[in-house]
Amino acid sequence: MSTQPPRTSASQGSNKVYQFKLVLLGESAVGKSSLVLRFVKDQFDDYRESTIGAAFLTQTISLDDNTTVKFEIWDTAGQERYKSLAPMYYRNANCAIVVYDITQTASLDKAKSWIKELQRQADPNIIIALAGNKSDLVSRRAISTQDAQAYAQEAGLLFFETSAKTTHNVSELFTAIAKKLPLEQIATSRNRNSLNQRQGVDLTQGNNTNGCAC
């Protein structure tokens, strides 16, 4: 299975910018778009319409003075009729966030199904995070933190409970993913010019993609 390589470039001195493709998956109405909107624009809308197909956004995270991670984010639709389109978005993804709603038991079952699909069909090195969204709705909780965390640990996933509404753990989720990405491997691969490892590409040479799709 071919994997879209993360891209890297030097900008302003020794600062390195590493670019990765990230996909969000999960049942409809669990808050995928709200998480992305909070992360990218620091906004929240109680009445967001359902995503059609997929939406594309970008955002960067500075890990330190010399390292910046840029996420190309694909926010996929959760409705069943769009499920067949999902492989187009996760097939070449470097990382994925699978979202469930802590107030809806069935949404965690759906998340587990997505995770199994990723582990079976996506790149074997993909980094997967499980996010239990709507942590602000404590009084309506249907899924315990302990149960979800135990599953995530068993499956080898990053795990966070988040709230796009209150911002709880939103930046922490994306930062944890950025820190887990194989930046050193990319640098080594680039230096060795190996075709068998992930290679970096200079973002200044027209490889950067901005805008929207679907």
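The largest nonpolar core in this predicted model has 31 residues. Leu 22, Phe 71, Ile 73, Ile 97, Phe 174 and Ile 177 have the most contacts inside this core. Many elements feed it. Those that give two or more residues are strands S2 (16-26), S3 (54-64), S4, S5, S6 and S7, together with helices H1 (32-41) and H5 (170-180). Helix H5 gives the most, with 6 residues. Apart from this core lies another one, of 27 residues. Leu 25, Ile 115, Ala 122 and Ile 128 are among its members. In soluble globular proteins, nonpolar side chains tend to be buried together.

**The chain as a whole**

The protein chain has 6 helices and 7 strands. Along the sequence they follow the pattern β-β-α-β-β-α-β-α-β-α-β-α-α. The chain has 214 residues, and 50% of them count as buried. Its exposed area is about 10,700 Å², and carbon and sulfur atoms supply 44% of that area. Now take the contacts with a separation of 6 or more: 72% of them join residues 24 or more positions apart.

**Two residues of the core**

Ile 73 lies in strand S4 (residues 67-76). Is Ile 73 buried or exposed? Ile 73 has a relative accessible area of 0%, so it is buried. Leave aside its neighbours within four places in sequence. Ile 73 is then in contact with Leu 22, Leu 24, Val 36, Phe 39, Val 40, Ala 55, Phe 56, Leu 57 and Phe 174. Ala 96 is 23 residues from Ile 73 along the chain, and their C-alpha atoms are separated by 9.3 Å.

Phe 174 touches Ile 73 too. With neighbours within four places again left aside, the other contacts of Phe 174 are Leu 22, Leu 35, Phe 39, Ile 61, Phe 71 and Ile 97.

**Aromatic rings**

The structure holds 5 aromatic pairs. A pair of rings is described by the distance of the centres and the angle of the planes. Two of the pairs are set out here.

| Pair | Centre to centre | Angle of planes | Type |
|---|---|---|---|
| Phe 39 and Phe 71 | 6.4 Å | 65° | edge-to-face |
| Phe 71 and Phe 174 | 6.2 Å | 65° | edge-to-face |

Why is the pair of Phe 39 and Phe 71 called edge-to-face? The planes of the two rings stand at 65°, and the label applies because that angle is over 60 degrees.

Phe 39 lies in helix H1 and Phe 71 in strand S4, so their pair ties together parts that are 32 residues apart in sequence. The other pair links distant parts as well: Phe 71 in strand S4 and Phe 174 in helix H5 are 103 residues apart. Ring pairs thus link Phe 39, Phe 71 and Phe 174 into a cluster. Phe 39 counts as buried, at 11% relative accessibility. Phe 71 is buried with a relative accessible area of 0%, and Phe 174 is buried as well.

**Helix H4**

Helix H4 spans residues 145-155, and Ala 148, Tyr 151 and Ala 152 are buried in it. Seen down the helix axis, the buried residues of H4 fall within an arc of 100°, so they line one face. Gln 146, Gln 153 and Glu 154 are exposed on the other side. What covers the buried residues of H4? The cover includes strands S5 (95-101), S6 (127-133) and S7 (158-161), and helix H3 (105-121). The charged end of Lys 112 sits over the ring of Tyr 151, 4.8 Å from the ring centre. Just after H4, Gly 156 takes a positive phi of about 75°.

Notes. Residues are numbered from 1 along each chain as its sequence is written. This is a predicted model: local features need pLDDT of at least 70, side-chain atom pairs count only at pLDDT 80 or more; totals for chains, interfaces and linings use all residues. Side-chain values use heavy atoms; hydrogens and water are left out. Buried means under 20% relative accessible area, exposed over 50%, partly exposed in between (1.4 Å probe, protein chains only). Helices (H or I, at least four residues) and strands (E, at least two) are DSSP runs, numbered from the N terminus. The arc is that of the directions from the helix axis to the C-beta atoms. Contact means heavy atoms within 4.5 Å. Accessible areas come from the Shrake-Rupley method with a 1.4 Å probe; for residues, only the protein chains shown count as cover. A nonpolar core is a set of buried Ala, Val, Leu, Ile, Met, Phe, Trp, Tyr and Cys residues joined through side-chain atoms within 4.5 Å. Rings of Phe, Tyr and Trp (its six-membered ring) pair if their centres lie within 6.5 Å; planes under 30 degrees apart count as stacked, over 60 as edge-to-face and the rest as tilted. A charge sits over a ring if NZ of Lys or CZ of Arg is within 6 Å of the ring centre and within 35 degrees of the ring normal.
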